[in-house]
Amino acid sequence: MGKVSMMIKLLVVLCLVGDALCKSKKPHHPDHPTSSTFDFFYFVQQWPGAYCDAKGKKCCFPGSGKPTTDFSIHGLWPNYNDGGYPSNCDNTKPFDESEIEELESRLETEWPSLACPNVGTKFWAHEWNKHGTCSSFSSQQEYFQAGLDLKDKTNLLQALKDANIEPNDEFYNVEDMKEAIKEKIGFYPWIECNRDSEGNSQLYQVYICVDANGKDLIKCPVLPSGNCASRVQFPNF
């Protein structure tokens, strides 16, 4: 009877230890899409002129007014080398606006929501909860500051202007746009287009790849899907 009791206790201990070990392992893509492990970031900037001019869509400016004529940040998104991505990785760290209070004035102009009706801070909450909690940054301030720093580092509008590519409603060769940006940052970007009410393909978003630390630009391990026309409009804003 004593031996049986000891065996039962041993089995219980082994089960508890095994369960603890299993729970301590980080989930991994693709079986666990909420894994906080990832390979690189997409740093995505959008052209507000194309967002506001898209077919069937209108835009609403933030409370601070119309943003300056420049690319704005859409997001800094962790990704896997196979094209998948983690999301909503840690619900114990929900968005807290007080943590980014020092950055809000810049975020309103450089990382604004243009959706209608304007969602204000809900846009930043979405980006943090879905993407930031899966990132390598330990705080919201670090995450959003990294995005602002990358925008300064890439300076897309100036890169295009240096190649005489201006937001003047004219049409430009997409490959020329990529070359202009590559000349500035050292790596080719991915360009996403949308269409205006007249069906014209227009420059919408630019994807740049960043290492898992969120600082250094890298060659994209994988590119998003979708294609632009060979020549696209660069709408005014």
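**View A. Gln 45 stands opposite Ile 73 in S2, a pair taken from the antiparallel strands S1 and S2.** The model is a predicted one, in which local features need pLDDT of at least 70 and side-chain atom pairs count only at pLDDT 80 or more, whereas totals for chains, interfaces and linings use all residues. Residues are numbered from 1 along each chain as its sequence is written, and side-chain values use heavy atoms, with hydrogens and water left out. Helices (DSSP H or I, at least four residues) and strands (DSSP E, at least two) are numbered from the N terminus. Seven bridges join S1 to S2, and S1 also pairs with S5, again in the antiparallel sense and over seven bridges; two strands pair if DSSP finds at least two bridges between them. In S5, the residue opposite Phe 40 is Asp 211.

**View B. Strand S1 (residues 40-46) is largely enclosed by the rest of the structure, because seven of its seven residues are buried.** Buried means under 20% relative accessible area, exposed means over 50%, and partly exposed lies in between, as found with a 1.4 Å probe on protein chains only. Phe 40, Tyr 42, Val 44 and Gln 46 point one way from S1, while Phe 41, Phe 43 and Gln 45 point the other way, and the residues of both sets are buried.

**View C. Strands S4 (residues 190-195) and S5 (residues 201-211) form a hairpin with five residues between them.** The two strands pair in the antiparallel sense over six bridges, and the bridge partner of Trp 190 in S5 is Tyr 207. In the turn, Gly 199 has a positive phi of about 85°.

**View D. Cys 193 in strand S4 is joined to Cys 228 by a disulfide with an S to S distance of 2.0 Å.** The pair links distant parts of the chain, since Cys 228 lies in the loop between strand S6 (217-218) and strand S7 (231-233), and the two cysteines are 35 residues apart. A disulfide is a pair of cysteine sulfur atoms within 2.5 Å, and this link, with 105° about the S-S bond, is right-handed. Cys 193 has a relative accessible area of 16% and is therefore buried, whereas Cys 228, at 22%, is partly exposed.

**View E. Cys 60 and Cys 116 form a disulfide, with their sulfur atoms 2.0 Å apart.** This pair links distant parts of the chain, with Cys 60 in the loop between helix H2 (48-52) and S2, Cys 116 in the loop between H3 and H4, and their positions 56 residues apart in sequence. The torsion about the S-S bond of Cys 60 and Cys 116 is about 110°, so the disulfide is right-handed. Cys 60 counts as partly exposed at 25% relative accessibility, and Cys 116 is also partly exposed, with a relative accessible area of 30%. Another disulfide joins Cys 52 to Cys 59, with an S to S distance of 2.0 Å, and the link of Cys 52 and Cys 59 is right-handed, with 105° about the S-S bond. The structure holds five disulfides, which follow the pattern 1-2, 3-5, 4-6, 7-10, 8-9 when the bonded cysteines are counted along the chain.

**View F. The buried residues of helix H4 (residues 121-130) pack against S2, H3 and helix H5 (140-154).** These buried residues are Phe 123, Trp 124, Ala 125, Glu 127 and Trp 128. Contact here means heavy atoms within 4.5 Å.

**View G. Pro 86 lies in the loop between strand S2 (72-79) and helix H3 (104-110).** Pro 86 counts as buried because its relative accessibility is 0%. Pro 86 and Cys 134 are 48 residues apart in sequence, but their C-alpha atoms are 6.5 Å apart in space.

**View H. The largest pocket has a volume of about 260 Å³.** Rolling a probe the size of a water molecule over the atoms shows where empty space is left. On a 1 Å grid over the protein atoms alone, a pocket is an open set of points where a 1.4 Å probe fits, with protein on both sides within 12 Å along at least five of seven lines, and lining residues have an atom within 4 Å of a point. Grid points are joined across faces, edges and corners, and the volume is the space filled by probe spheres set on the points. The lining of the largest pocket consists of 15 residues, of which Trp 77, Tyr 85, Lys 130, His 131 and Tyr 207 lie nearest its centre. S2 and H4 each supply at least two residues of this lining. By residue type, the lining divides into eight nonpolar, five polar and two charged residues, where Ala, Val, Leu, Ile, Met, Phe, Trp, Tyr, Cys and Pro count as nonpolar, Asp, Glu, Lys and Arg as charged, and the others, Gly among them, as polar.
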